[in-house]
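Hi,

Here is the structure I promised to pass on to you. Have a look at it first, and then read my notes below.

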Amino acid sequence: MTAQEDPQTQETEPHGAADPEPQAPGPHTDWKAEARKWEQRAKENSAARKELDEIKRERMTETERMAAEAKDATARAEAAEAELERMRADAKRASDAAEVAAEFGIPANLLTQPDREAMVEQAKAIREYAGGVPAAPVFGRDGAKPATRHRKTPKDEFDEWFDSQI
């Protein structure tokens, strides 16, 4: 008996023909074609997964189906509660930052600490650091027109020379 005739030595895929082993990309690989190939496989796998889920759901008893739905609903509710808590914490932090910023007269976006006490300490340090620094840049000639330097181009120089020769 050869290896092809022996049913124990033959390997078959449970869903049909075996795909060839993926090979390492060569120097002239068509990346778009590779991407399309893997995208198509992902779509096929997604469709197969949905079909398998439907078959499993059809085979479930009513009690099992209700238990699975309750488990899914519980998981979604827990995720929603966690998201709500995160959003509340973010809102509280933003509110604290706005209050501390207003109290110390600094921008709220400079406060990076997570709790109010730490923000107050950070605001004190920022205010102390910025105490000697003016709030806006100071220019020596405020309000005066800046001096304009007009550089002469070679054409301008030639025109001046030509006018002086006439």
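Helix α3 (residues 116-130) has 15 residues, so at 1.5 Å a residue it should span 21 Å, and its end C-alpha atoms are indeed 21 Å apart. The expected span is 1.5 Å times one less than the number of residues, and helices are DSSP runs of H or I with at least four residues. This is a predicted model, in which local features need pLDDT of at least 70 and side-chain atom pairs count only at pLDDT 80 or more, while totals for chains, interfaces and linings use all residues. Residues are numbered from 1 along each chain as its sequence is written, and side-chain values use heavy atoms, leaving out hydrogens and water.

Within α3, Met119, Val120, Gln122 and Ala123 are buried (under 20% relative accessible area; exposed is over 50% and partly exposed in between, with a 1.4 Å probe and protein chains only). They cover an arc of only 165 degrees around the axis, which puts them on the same side of α3; the arc is taken from the directions from the helix axis to the C-beta atoms. Glu117, Glu128 and Tyr129 are exposed on the face turned away from that buried side.

Now for the rings in helix α4 (residues 154-165): Phe158 and Trp161 are three residues apart there, so about one helical turn separates them. The rings of Phe158 and Phe162 have centres 6.0 Å apart and planes at 25 degrees, so this pair is stacked (centres within 6.5 Å, using the six-membered ring of Trp; planes under 30 degrees apart are stacked, over 60 edge-to-face, the rest tilted). Phe158, Trp161 and Phe162 form one aromatic cluster.

Enjoy exploring!

Note on methods:
Helix = DSSP H or I, 4+ residues; strand = E, 2+ residues; numbered from the N terminus.
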